[in-house]
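Biologist: Please take a close look at one buried helix in this model. Tell me what it packs against and how its neighbours are placed.

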Amino acid sequence: GLLELIKTVPFEQITISDIQRVSTVSRSTFYRNFDCIEDVLMLLCDRSFDAAIKRAEETGEEIRIAVFRYWFENVSLLETIVKIHRTDILVESLRRSEQIKLKFRPYIKDETVFDYFSGVIASVMVGILSTWIEHGKAESEEEVLHYTQKVFAKLVTLGIMGKYRMRK
């Protein structure tokens with residue numbers, strides 16, 4: 001119901017009663033599952049990342065491409081989250097993703113390293129998607145992927161990523 005509503009109604013104006021009406025879920029059922037409307041956004045993000053990663057497995061696409069493609073095709077949820085300044089929902093959702101854990105956990109044995117890994121991946125992905133929304137979705141999916149590759153190349157060139165030395 002919330003996905004339908006955010007396509008036509010600003011998020012700030014959506015009420016639980018609106019969600020009930022559109023989804024035909026009772027108020028008690030809503031509150032049994034959620035504390036507030038933002039909790040629904042979290043669930044939708046969790047499902048979105050898992051769907052994007054499953055898509056990568058089914059199509060053989062790289063995960064980053066499948067995730068971008070998914071969000072480009074399902075942009076209203078992403079726009080809402082950026083517009084209400086709750087990109088933390090996206091970050092936490094990606095970090096919680098069971099699909100991410102299944103895909104990458106076997107390669108990163110150290111729990112602490114994996115926590116940092118998932119935090120960096122989530123933050124980068126959200127930063128890219130947020131910038132695209134802030135640019136008014138002016139760039140095509142291919143352009144966003146191209147710019148992302150250029151940014152990572154610049155990070156390596158500038159010594160921010162890639163080879164580095166630890167200071168004593």
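Modeller: I start with the whole chain, then turn to the helix and its neighbours.

This is a predicted model, so local features need pLDDT of at least 70 and side-chain atom pairs count only at pLDDT 80 or more, while totals for chains, interfaces and linings use all residues. Residues are numbered from 1 along each chain as its sequence is written, and side-chain values use heavy atoms, with hydrogens and water left out.

The protein has 10 helices and zero strands. Both kinds of element are DSSP runs numbered from the N terminus (helices: H or I, at least four residues; strands: E, at least two). The C-alpha trace spans about 60 × 35 × 35 Å along its principal axes. Of the 168 residues, 38% count as buried. Buried means under 20% relative accessible area, exposed means over 50%, and partly exposed is in between (1.4 Å probe, protein chains only). Take the contacts between residues at least 6 apart in sequence: 55% of them join residues at least 24 apart. A contact here means heavy atoms within 4.5 Å.

The part to look at is helix α5, residues 63-73. Eight of its 11 residues are buried, so the helix is mostly covered. The buried ones are Ile63, Ile65, Ala66, Val67, Phe68, Tyr70, Trp71 and Phe72. They pack against α4 (37-59), α6, α7 (87-96), α8 (98-104), α9 (111-134) and α10 (141-157).

Start with α4. The axes of α4 and α5 come within 8 Å and cross at roughly 130°. Axes are lines fitted to C-alpha atoms, for helices over the stretch in contact, and angles between N-to-C directions run from 0 to 180 degrees. The two helices are therefore oblique to each other. Oblique is what remains once angles under 35 degrees (roughly parallel), over 145 (roughly antiparallel) and 65 to 115 (roughly perpendicular) are taken out. The crossing of α4 and α5 is right-handed. That means the near helix is turned clockwise from the far one by less than a right angle; anticlockwise would be left-handed. From α4, the contact uses Cys45, Ser48, Phe49, Ala51, Ala52, Ile53, Arg55 and Ala56. From α5 come Ile63, Ala66, Val67, Arg69, Tyr70, Trp71 and Glu73. By class, this contact has 11 nonpolar, one polar and three charged residues. Ala, Val, Leu, Ile, Met, Phe, Trp, Tyr, Cys and Pro count as nonpolar, Asp, Glu, Lys and Arg as charged, and the others, Gly among them, as polar.

Cys45, one of the α4 residues in this contact, is buried at 0% relative accessibility. Its sulfur is 13 Å from the closest cysteine sulfur, in Cys36, and that is too far for a bond. Cys36 is partly exposed, with a relative accessible area of 28%. The disulfide count is zero, where a disulfide is a pair of cysteine sulfur atoms within 2.5 Å.

Now α10. Helices α5 and α10 pack at an angle of about 140°, with their axes 10 Å apart. They are therefore oblique to each other. Helix α5 passes α10 in a right-handed crossing. Arg64, Ile65, Phe68, Arg69 and Phe72 of α5 meet Glu141, Val144, Leu145, Thr148 and Gln149 of α10. This contact has five nonpolar, two polar and three charged residues.

Next is α6, residues 75-83. Seven of its nine residues are buried, so α6 is largely enclosed by the rest of the structure. Its cover includes α1 (2-6), α4, α5, α7 and α9. Thr80 lies in α6 and is buried, with a relative accessible area of 8%. Leaving aside residues up to four places away in sequence, Thr80 touches Ile6 and Phe11. After α6 comes His85, with a positive phi near 60°.

Last, two of the α5 neighbours also pack on each other. The axes of α7 and α9 come within 9 Å and cross at roughly 140°. That makes α7 oblique to α9. The crossing of α7 past α9 is right-handed. Seven nonpolar, five polar and two charged residues make up this contact.
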